[in-house]
Amino acid sequence: MLKMEGVTKSFGGLQALHDVSFTINEGQIHGIIGPNGSGKTTLFNCITGILPLTSGNIYFGETKISGMSADRIANLGIRRTFQAGKLVPSLTVLENVMCGLSRFTAADGVDVFLRPPFVKSAREKAVRKEALKFLAAVEMEDSADRWASDLVWAERQFVQIVRAIVSRPRILLLDEPASGMAAKETKMVGDLIKQIQGMGITVVVVSHDIKMLMEAAEWVTVFNFGEKIAEGVPDKIQRDPLVLEAYLGTEG
Ligand SMILES: Nc1ncnc2c1ncn2[C@@H]1O[C@H](COP(=O)(O)OP(=O)(O)OP(=O)(O)O)[C@@H](O)[C@H]1O
Ligand SMILES: [Mg+2]
């Protein structure tokens with residue numbers, strides 16, 4: 001579904017990604033691990049069109065997306081969350097989630113004007129209901145009307161994910177969704193990821209939380225110094241000597 005072919009990204013003399021090739025299969029939960037600075041976020045930035053590649057190609061199905069604008073890529077159904085929980089602080093939780101709908105408004109540009117207003121409001125109601133359902137999944141059903149600026153770190157991460165879900169992406173890229181979370185919240189993230197997959201959305205998740213990632217992911221790709229050093233099912237990855245040396249070993 002998403003295919004990286006010789007993806008290379010340099011920042012001056014630093015190669016953040018070097019000749020990376022792999023495929024993300026439709027419907028899968030695909031985990032990505034690697035030490036700090038190994039190029040994981042840079043890969044997300046390249047896939048979503050925030051950064052141009054130095055060389056190589058990225059395909060979404062048959063469509064070459066490397067070289068496209070970030071907006072166009074998002075409208076194809078590729079969505080992400082950010083490592084540092086970006087929300088609009090002056091909006092409420094629910095308003096932030098509704099921002100995720102821009103995909104529909106962009107895609108439906110003409111029909112928004114042709115449709116009578118009650119149709120739009122019916123759809124908004126449906127989305128509101130869905131948003132509340134996902135907020136409930138992370139025990140935030142009572143937080144819909146709180147200001148985003150009042151949220152704690154873990155809550156901001158959750159709202160980012162819910163915002164991405166309501167846009168009904170085809171692929172959702174999660175960058176460290178469980179960072180800074182306690183065990184209970186981390187488990188909620190793992191459960192939510194599986195729920196997202198159940199909706200038919202392909203999920204790519206970067207995480208330092210090896211336990212959560214290995215439990216949720218069906219396939220794992222490992223990076224070190226901008227290169228792909230291993231890939232496979234979680235069981236195999238956890239026993240791969242190269243991976244243990246590069247990464248898991250440092251976790252004890
Ligand atoms: N915009 C940028 N300009 C210059 N260097 C960058 C830029 N973005 C990333 N880098 C460098 O590229 C390398 C890979 O960074 P990246 O953020 O992709 O790592 P990461 O695997 O996501 O790390 P972490 O686990 O800490 O989030 C690092 O050496 C980083 O300093
Ligand atoms: Mg990162």
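Two strands are taken to pair if DSSP finds at least two bridges between them. The views below show a predicted model.

**View 1. The six-stranded sheet and its edges.** In this predicted model, five bridges join strand β9, residues 219-224, to β10, and the two strands run antiparallel. Within that pair, Val220 stands opposite Gly232 in β10. The sheet to which these strands belong is open, has six strands in the order β6-β7-β8-β3-β9-β10, and is mixed in its pairing. Its edge strands are β6 (78-80) and β10 (227-232), each of which pairs on one side only. From one strand to the next, the twist averages 20°. Helix α8, residues 183-198, packs on the sheet, where it touches β3 (29-33), β7 (171-175) and β8 (202-206), and its direction makes about 155° with that of β8.

**View 2. Strand β3 between its two neighbours.** On one side, β3 pairs with β8 in the parallel sense over four bridges, and Ile32 stands opposite Val206 in β8. Four bridges also join β3 to β9, again with the strands running parallel, and here Gly31 stands opposite Val220 in β9. Val220 therefore appears in two of these views, since its partner in β10 is Gly232. In a regular strand the side chains alternate between the two faces of the sheet. In β3, Ile29, Gly31 and Ile33 lie on one side and His30 and Ile32 on the other, and all of them are buried, so that both faces of the strand are covered.

**View 3. Strand β7 and its parallel partners.** Strand β7 is mostly covered, with five of its five residues buried. Ile171, Leu173 and Asp175 point one way from the strand, whereas Leu172 and Leu174 point the other way. The pairing of β6 with β7 is parallel and extends over three bridges, and Leu173 is the bridge partner in β7 of Arg80. With β8, strand β7 pairs in the parallel sense over five bridges, and Leu172 stands opposite Val203 in β8.

**View 4. Helix α1 and the residue that follows.** Eight of the eight residues of helix α1, residues 40-47, are buried, so the helix is largely enclosed by the rest of the structure. The buried residues are Lys40, Thr41, Thr42, Leu43, Phe44, Asn45, Cys46 and Ile47, a list that includes polar and charged residues as well as nonpolar ones. After the helix comes Gly49, whose phi is positive, near 80°. Leaving aside residues up to four places away in sequence, Ile47 touches Leu2, Ile58, Ile78 and Leu173, and Leu173 is one of the buried residues of β7.

**View 5. The shell around ligand 1.** Ligand 1 is surrounded by Phe11, Leu14, Ala16, Gly34, Asn36, Gly37, Ser38, Gly39, Lys40, Thr41, Thr42 and Gln83. By class, this shell has three nonpolar, eight polar and one charged residues. Strand β2 (14-24) and helix α1 each supply at least two residues of the shell, and the largest share, three residues, comes from α1.

**View 6. Glu176 in the loop between β7 and α8.** Glu176 is found in the loop that lies between β7 and α8, and it counts as buried because 20 other C-beta atoms lie within 10 Å, the cut-off for a buried residue being 20 or more. Not counting residues up to four places away in sequence, Glu176 touches Gln83, Val206, Ser207 and His208; Gln83 is also among the residues that surround ligand 1. The C-alpha atoms of Glu176 and Thr41 are separated by 9.2 Å, although the two residues are 135 residues apart along the chain.

**View 7. The largest nonpolar core.** In soluble globular proteins, nonpolar side chains tend to be buried together. The largest nonpolar core of this model has 65 residues, and those with the most contacts inside it are Ile47, Val159, Val162, Leu172, Ile193, Val203 and Val205. Helix α7, residues 153-166, gives the most to this core, with eight residues. Two of the core residues named here, Leu172 and Val203, stand opposite each other in the pairing of β7 with β8.

Key. Residues numbered from 1 in each chain as written. Chains lettered and ligands numbered in written order. Predicted model: local features only at pLDDT ≥ 70, side-chain atom pairs only at ≥ 80, totals over all residues. Axes fitted to C-alpha atoms, helices over the stretch in contact; angles between N-to-C directions. Contact = placed C-beta atoms within 7 Å. Buried ≥ 20, exposed ≤ 12 C-beta atoms within 10 Å, placed from the backbone. Near = placed C-beta within 6 Å. Core = buried A, V, L, I, M, F, W, Y, C linked by C-beta atoms within 7 Å.
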